[in-house]
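Please walk through this structure with me, one region at a time. Keep the 3D view open as you read.

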Amino acid sequence: MNITSFFNIDDRLLRLDKAALENSQKQFGEIDDIAEFNQLKVLSAFIKNGVSEAVMSGSTGYGYDDRGREILERIMADCMGAEDALMRHSFASGTHTLTVALFGILRPGDRVLCITGRPYDTITGVFGIDSVTDGSLADFGVKYAQVDLLGDGTPDIDGIKAELKREKYKMAYIQRSRGYSTRPSLTISDIEGLVKAVREVSPESVVMVDNCYGEFVERKEPCEVGADLVAGSLIKNPGGGIAPTGGYIAGKKELIEKCAARMTCPGVGREVGATLGHSRELYMGLFAAPHVVGEAVKTAVYTSALFELLGFETSPRPQEKRGDIIQCVTLGSAEGLIAFCQGMQSGAPVDAFVVPEPWEMPGYTDPVIMAAGAFTLGASIELSADGPVREPYAAWMQGGLNFHSAKAGVLLAAQKMLEKGALNIGE
Ligand SMILES: *Cc1c(COP(=O)(O)O)cnc(C)c1O
């Protein structure tokens with residue numbers, strides 16, 4: 001390995017790099033197996049649905065009868081193990097996509113129960129949890145409640161059942177990924193357990209999963225273990241680093257129709273929406289996604305192994321089972337967190353010359369520092385790291401279009417910490 005032909009990395013770090021790689025080999029084998037399984041799942045969906053080069057050319061105006069759009073949505077449904085799906089470049093973000101799904105299903109007076117604790121920062125404003133945000137579900141009279149996670153960060157199955165017995169809920173909402181929290185991500189088998197618990201007590205509740213960062217990490221997706229609806233972002237896993245923007249919703253046919261009525265307009269639904277020139281990118285991205293997700297998970301495992309050797313707390317630990325592509329490294333100080341992000345940025349293919357600083361990001365409650373030298377602005381399937389500058393000064397990093405370049409980014413993050421005196425390593 002001759003990273004030193006290109007980058008200046010301390011010898012002590014290089015020895016730990018070698019050890020971290022050795023410690024990761026067993027996980028890498030399993031990651032390859034999952035990536036191959038999911039690649040074949042996606043490939044067979046492409047074949048089954050009859051993709052041709054011509055359907056990817058795209059439509060303009062209303063976008064009526066856009067065959068490429070319809071075929072792509074059927075492929076996505078198959079990939080998610082769902083009856084139906086919407087997949088559009090016109091979803092502005094993951095939050096927008098989840099918002100469309102939530103407003104598609106919930107009506108004034110309905111109750112929604114988040115069963116995995118407080119949701120991702122940007123979603124709190126959509127529910128209107130802390131205050132009745134303009135245009136939020138709370139503003140429209142949808143009532144929100146949550147069941148907090150247990151002390152170890154896992155769902156409180158007994159508490160969930162008790163609450164569903166006590167009150168009638170239209171929807172049980174699950175967040176698969178950890179977001180900016182130190183709780184573990186949910187595995188598919190965890191989600192299966194949650195679905196079972198909800199069905200036992202409240203069979204008529206819609207089970208919706210925020211699937212962000214979880215797609216293709218395991219062999220199954222939430223709808224394959226009983227979830228009714230999932231949604232996610234195309235600048236994360238299922239866009240494969242190629243989709244320039246967009247989102248998807250997948251699930252039961254009648255629910256997807258409701259979401260479609262909210263996505264465009266009632267009565268028109270999914271029949272409109274010009275794809276312009278974006279179909280080809282969405283097809284290519286979905287096709288690339290299983291492999292790219294595998295590279296991202298390898299990057300996460302390696303980072304966990306390296307930073308554990310450096311004496312930091314990591315979550316998940318290198319050998320732990322994973323439900324998403326996120327790796328949390330607790331760096332313990334603002335200086336360490338900032339150096340980590342600045343070092344990672346210096347190894348990015350785009351904007352490597354930029355020095356990131358903490359800033360007040362819309363939708364987030366604390367200043368956030370981000371390393372994101374990506375081809376697509378904000379794409380977190382590309383190597384990126386961020387963290388709110390608050391205790392315990394943890395960096396949440398994710399992505400990596402290919403392991404080789406992502407590993408260099410991670411080593412540069414450690415190197416920058418060393419230079420800033422935020423690493424303690426012996427000889
Ligand atoms: C990324 C993410 C979202 C959506 O965020 P956007 O930045 O709007 O795409 C929602 N939930 C979770 C858990 C996420 O990781």
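How far does a polar side-chain atom of Ser93 lie from an oxygen atom of the ligand? The distance is 3.4 Å. Bear in mind that this model is predicted.

Stay with the ligand. Thr95 also has a polar side-chain atom facing a ligand oxygen, at 2.5 Å. Asp210 makes its approach to a nitrogen atom of the ligand, and again the distance is 2.5 Å. On its own, the ligand has 380 Å² of accessible area, and the protein covers 89% of that. Ser93, Thr95 and Asp210 are among the residues that surround the ligand. The others in that list are Gly94, Leu98, Tyr120, Gln175, Cys212, Tyr213 and Lys236.

Now follow the chain from the ligand into helix H3. Ser93 sits at the start of H3, where one of its side-chain oxygens comes to within 3.4 Å of the backbone nitrogen of Thr95. The helix itself runs over residues 94-105. Its length can be checked. At 1.5 Å a residue, its 12 residues should span 16 Å, and the end C-alpha atoms are 17 Å apart, so the two values agree.

Is H3 mostly covered or mostly open? It is mostly covered, with 10 of its 12 residues buried. Gly94 is one of the buried residues, and so are Thr97 and Leu98. From Thr99 the buried list goes on through Val100, Ala101, Leu102, Phe103 and Gly104 to Ile105. What do these residues pack against? Two helices take part, H4 (121-127) and H7 (253-263). Four strands do too: S4 (171-175), S5 (206-210), S6 (229-233) and S7 (247-251). Gly94 and Leu98 deserve a second look: both are buried residues of H3, and both also help to surround the ligand.

Move on to the loop between S5 and S6. Glu218 lies there. Buried or exposed? Glu218 has a relative accessible area of 8%, under the 20% cut-off, so it counts as buried. Its side chain has polar partners. A polar atom of that side chain lies 2.8 Å from the backbone nitrogen of Ile188. The side chain of Lys321 makes a polar contact with it too, at 3.1 Å. Beyond its sequence neighbours up to four places away, Glu218 touches Ile34, Asn38, Arg176, Thr187, Ile188, Lys321, Arg322 and Gly323.

Next comes helix H9, residues 334-345, which holds Phe340. Phe340 is buried, and its relative accessible area is 0%. Which residues does it contact, leaving aside neighbours within four places in sequence? They are Phe307, Leu331, Ala385, Ala395, Met397, Ala413 and Met417. Tyr283 is a different case. Phe340 and Tyr283 are 57 residues apart in sequence, and their C-alpha atoms are 34 Å apart in space.

Finally, turn to the cysteines. How many disulfides does a search of the whole structure find? The search finds 0. Cys114 is in no disulfide, and the nearest cysteine sulfur, that of Cys212, is 13 Å away. A disulfide would need the two sulfur atoms within 2.5 Å. Cys114 is buried, with a relative accessible area of 0%. Cys328 is in no disulfide either, and its nearest cysteine sulfur belongs to Cys341, 12 Å away. Cys328 also counts as buried, at 2% relative accessibility.

Note on methods. Residues numbered from 1 in each chain as written. Predicted model: local features only at pLDDT ≥ 70, side-chain atom pairs only at ≥ 80, totals over all residues. Heavy atoms only, no water. Expected span 1.5 Å × (residues − 1). Buried < 20%, exposed > 50% of the residue type's maximum accessible area, 1.4 Å probe, protein only. Contact = heavy atoms within 4.5 Å. Polar contact = N/O pair within 3.5 Å; in protein donor to acceptor, adjacent residues only side chain to side chain. Near = heavy atom within 4 Å. Areas by Shrake-Rupley, 256 points an atom, 1.4 Å probe, with all protein chains shown as cover.
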